[in-house]
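Biologist: Please take me slowly through a single part of this model, the surroundings of a ligand, and then through the parts of the chain that belong with it. I am new to this, so please explain each term when it comes up.

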Amino acid sequence: MKNIILIGFMGVGKGSVAREVIKHSDYIAIDTDDLIESMENKKVKEIFEEDGEAYFRKLELNVARWLESSVKNTLISTGGGFYKQKSLKKIGTVVLLDSPFDAIIKRIKTHPNAARKIKKRPLLNDLEKAKELYKERRPEYLALADIVIDVTKKSALECSKELLKKVKKYA
Ligand SMILES: Nc1ncnc2c1ncn2[C@@H]1O[C@H](COP(=O)(O)OP(=O)(O)O)[C@@H](O)[C@H]1O
Ligand SMILES: O=C(O)C1=C[C@@H](OP(=O)(O)O)[C@@H](O)[C@H](O)C1
């Protein structure tokens, strides 16, 4: 099985879809932010505050190198900026979870833990800036994707089923 690498904007549902995929397939899952947090023994938010974004991006590069050389048969969910890694397409089949900006924000805001969900994502704290980032990134995400899944109005389970069906062609 080729790796699957899930990309998409902050909060679009990469982690949630990954959790459903592992329930319904033989994939195991890892998450680039989780790897970084355990490497550094710090939350992403603290790394941004204490070490800066550039340092965080270096950690993403280290993770990308390790994924490319050592990880197989795995579903890899990523942070929203991980797609900039040059080796992305070598790591696995690239699956984009896609949704309009307003739909992503609406979904996060209706979650019971909304404030915490927003706070833990430093680049989502200023919504105007986040929208600009979305506009800049969306065409780049689309250009890299082997598979695009529109997650708007679908449950994470539905998205996971669509992903598993579409990915068969690339296995
Ligand atoms: N398909 C979905 N339908 C409804 N809510 C969702 C869906 N996918 C994710 N969410 C909610 O959106 C928020 C962000 O999801 P998450 O999986 O953490 O995104 P990401 O990993 O892309 O940052 C969470 O509150 C999650 O419960
Ligand atoms: O879009 C980004 O640049 C980031 C997205 C975050 O991950 P999520 O996409 O899981 O929120 C996290 O990696 C960091 O805050 C930076």
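Modeller: Ligand 2 is surrounded by Met10, Gly11, Lys14, Asp33, Val44, Gly79, Gly80, Gly81, Arg121, Pro122 and Leu123, where a residue is near a molecule if its C-beta atom, placed from the backbone, lies within 6 Å of it. This is a predicted model, in which local features need pLDDT of at least 70 and side-chain atom pairs count only at pLDDT 80 or more, while totals for chains, interfaces and linings use all residues. Residues are numbered from 1 along each chain as its sequence is written, and chains are lettered from A and ligands numbered from 1 in the order in which they are written.

By class, the shell around ligand 2 holds 4 nonpolar, 4 polar and 3 charged residues. Here Ala, Val, Leu, Ile, Met, Phe, Trp, Tyr, Cys and Pro count as nonpolar, Asp, Glu, Lys and Arg as charged, and the others, Gly among them, as polar.

Several of these residues also appear in the UniProt record. Its unreviewed entry lists Gly11, Val12, Gly13, Lys14, Gly15, Ser16 and Arg121 under "binding site", and an annotation with that name covers Asp33, Arg57, Gly80 and Arg137. UniProt positions are given in the numbering used here, feature names are shortened, and such annotations may be inferred rather than shown by experiment.

To place these residues we need the helices (H or I, at least four residues) and strands (E, at least two), which are DSSP runs numbered from the N terminus. Gly11 lies in the loop between strand S1 (4-7) and helix H1 (14-23). Gly11 is buried, because 22 other C-beta atoms lie within 10 Å; a residue is buried if 20 or more other C-beta atoms, placed from the backbone, lie within 10 Å of its own, exposed if 12 or fewer, and partly exposed in between. Leaving aside neighbours within four places in sequence, Gly11 is in contact with Ile104, Ile108, Arg121 and Leu124, contact meaning that the two C-beta atoms, placed from the backbone, lie within 7 Å.

Asp33, which is in the shell around ligand 2, belongs to helix H2 (residues 32-40), where Thr32, Asp33 and Ile36 are buried. These buried residues cover an arc of only 100 degrees around the axis, which puts them on the same side of H2, the arc being that of the directions from the helix axis to the C-beta atoms. They pack against strand S2 (28-31), helix H3 (44-51), H4 and strand S3 (74-77).

Just after H2 comes Asn41, in the loop between H2 and H3. Most residues other than glycine have a negative phi. Phi of Asn41, however, is near 55 degrees, a positive value. Asn41 counts as exposed, because it has 7 C-beta neighbours inside 10 Å.

Of the annotated residues, Arg57 sits in helix H4 (residues 53-70) and is partly exposed, with 14 C-beta neighbours inside 10 Å. Arg137 is in helix H8 (residues 127-144), and it too is partly exposed, with 18 such neighbours. Ser16 is found in helix H1 and counts as partly exposed, with 19.

Ser16 also leads us to the other ligand, since of the 17 residues around ligand 1, Gly13, Lys14, Gly15, Ser16 and His111 come nearest. The elements that give two or more residues to this shell are H1, helix H6 (101-110) and helix H9 (156-167), with H1 giving the most, 3 residues. By class, the shell around ligand 1 divides into 6 nonpolar, 7 polar and 4 charged residues. Arg107, in helix H6, and Gly13 are 94 residues apart in sequence but 9.7 Å apart in space, C-alpha to C-alpha.

Finally, here is the setting for these parts. The protein chain has 9 helices and 5 strands. Its radius of gyration is 15 Å, close to the 16 Å that the globule rule gives for 171 residues, so the chain is as compact as a globular protein of that length; this radius is taken over C-alpha atoms, and the rule is 2.2 Å times the number of residues to the power 0.38. Buried residues make up 30% of the 171 residues. Among contacts between residues at least 6 apart in sequence, 75% join residues at least 24 apart.
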